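Reader: I'm new to reading structures like this one. Please pick one small part, take me through it up close, and then show me what lies around it.

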Amino acid sequence: MTRMAPRHGMLAAFACLLAGLLATSPALAAHARTAHAAKAAQATADDGPYYDADDFARVDKIDAHVHVHGAAARFMAQALADRMRILTINVDYGDFPPLVDQQAAAIALRRDHPGQAAFVASFPAGELLAEDWPARTLRELDAAAGAVGVKVWKNIGMELRDADGHYVMPDDARLEPLLGWIERRGLVLLGHQAEPLNCWLPMDQMTVRSDREYFTEHPQYYMHDHPELPGHEQILAARDRMLVRHPQMKFDAMHLASLEWDVDRIAAFLDKFPNASTDLAARLVHLEYQAAHDPQKVRAFIIRYQDRLLYGSDDSYGPADDDAAALAAVQAGWLADWRFLATDQPMTTTEFAQPFRGLHLPRGVIDKLYGGNARRLFPGAWDGGP
Ligand SMILES: [Zn+2]
């Protein structure tokens, strides 16, 4: 199991230490009373009730961004036990199996787990440059029976180049037949364009450990070292021009729309594109980072955009992961994410130094993030089954 996302663990020792301090320090106890009163007022405003950590196992949920390869019998059994339905997403990514194999596996997964597993198809970006584009690609996508969307990956904007050396950008006119095909079928375009802003920063200025690791391991995508390539704003501006041309198209801006470092920027994007949603996949850590500094701001952002946000883990799970440790890692990630979103537990992470607390979002908001929004964006995807 791998996750581009960062994992965090709650340090029970820290919680005990904090409890001890609160018990012995009048100043801290007074602070705690004030915080408690503020939280009570907030709870009234939010119209609770709330879930606790144990509710994770009791609530029906959807992880709207995973990459499951092969039959993944143990993974699917764990997901079923955890009441977690999944959306597995095919990607034109060299670290994954060939797309034709990903697609066959996804079709089989959906067939074998009706109502549990839905999938998103993709296409080899290089076909854009081929003479028989788009006919061949649309034929291949026609064969992806049951797909609820199509993913366009970051290789558009960061990797694929024309014969003259120009980078193919997300607003490239050659993508239009594909976008029309998606719109006519009422499917969703899922876009992962650009990368976290950290990708354009020096290593020592990156906010989270997992980004430092990923870009150390994948130097070809570390844009700070490639100033000759399109910049972060340039890629996202091209994406936005594409969206302006397709105001009715359903769009899932994956990874917090690559605006993960600032909830104000994500909010501006969602305001500008009312048909867009965004997923939290592999970027929840960036909300945790912001919550460590300004928890109320992050909480208010999620509550305001509660109809537009999809929970996703970005877990990758394949045949090599079919063991208890990999499953435990998947479940630990799901649980940690739940604690951050649903509870007000004190938390720490190996991603950055500052402690933070869970956001304690009301049940109604959690239910939307963990399922309601995905079911609305991908109607019918999880119908039937258990
Ligand atoms: Zn992913």
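Author: Let's start on the outward side of helix α8, where Thr-216 and Glu-217 are exposed. A quick word on what you're looking at: this is a predicted model, where local features need pLDDT of at least 70 and side-chain atom pairs count only at pLDDT 80 or more, while totals for chains, interfaces and linings use all residues. Residues are numbered from 1 along each chain as its sequence is written.

Helices here are DSSP runs of H or I with at least four residues, strands are E runs of at least two, and both are numbered from the N terminus. "Buried" means that 20 or more other C-beta atoms lie within 10 Å of a residue's own, "exposed" means 12 or fewer, and anything in between is partly exposed, with C-beta atoms placed from the backbone.

Now turn α8 (residues 209-217) around: Ser-210, Asp-211, Tyr-214 and Phe-215 are its buried residues. Looking down the axis, they fall within an arc of 120 degrees, so they line one face of the helix. (The arc is taken from the directions between the helix axis and the C-beta atoms.) That fits a simple rule: an α-helix has 3.6 residues a turn, so residues three or four places apart point the same way.

What covers that buried face? Helix α11 is part of the cover. Helix α11 (284-293) also packs against the buried residues of α12, as do α10, β9 and α14. In α12 (residues 295-304), the buried residues are Val-298, Arg-299, Phe-301 and Ile-302. They sit within an arc of 155 degrees, so they too line one face of their helix. On the other side of α12 you'll find Gln-296 and Lys-297, both exposed.

Next, the nonpolar cores, meaning sets of buried Ala, Val, Leu, Ile, Met, Phe, Trp, Tyr and Cys residues joined through C-beta atoms within 7 Å. The largest has 98 residues, and Leu-87, Phe-119 and Val-120 touch the most other members. Helix α13 (residues 324-342) gives the most to this core, 7 residues. Then comes our link back to α8: a second, separate core of 7 residues includes Tyr-214, along with Leu-197, Cys-199 and Tyr-222. So Tyr-214 is one of the buried residues of α8 and also belongs to that second core, in line with the tendency of nonpolar side chains in soluble globular proteins to be buried together.

How values were computed
Contact = placed C-beta atoms within 7 Å.
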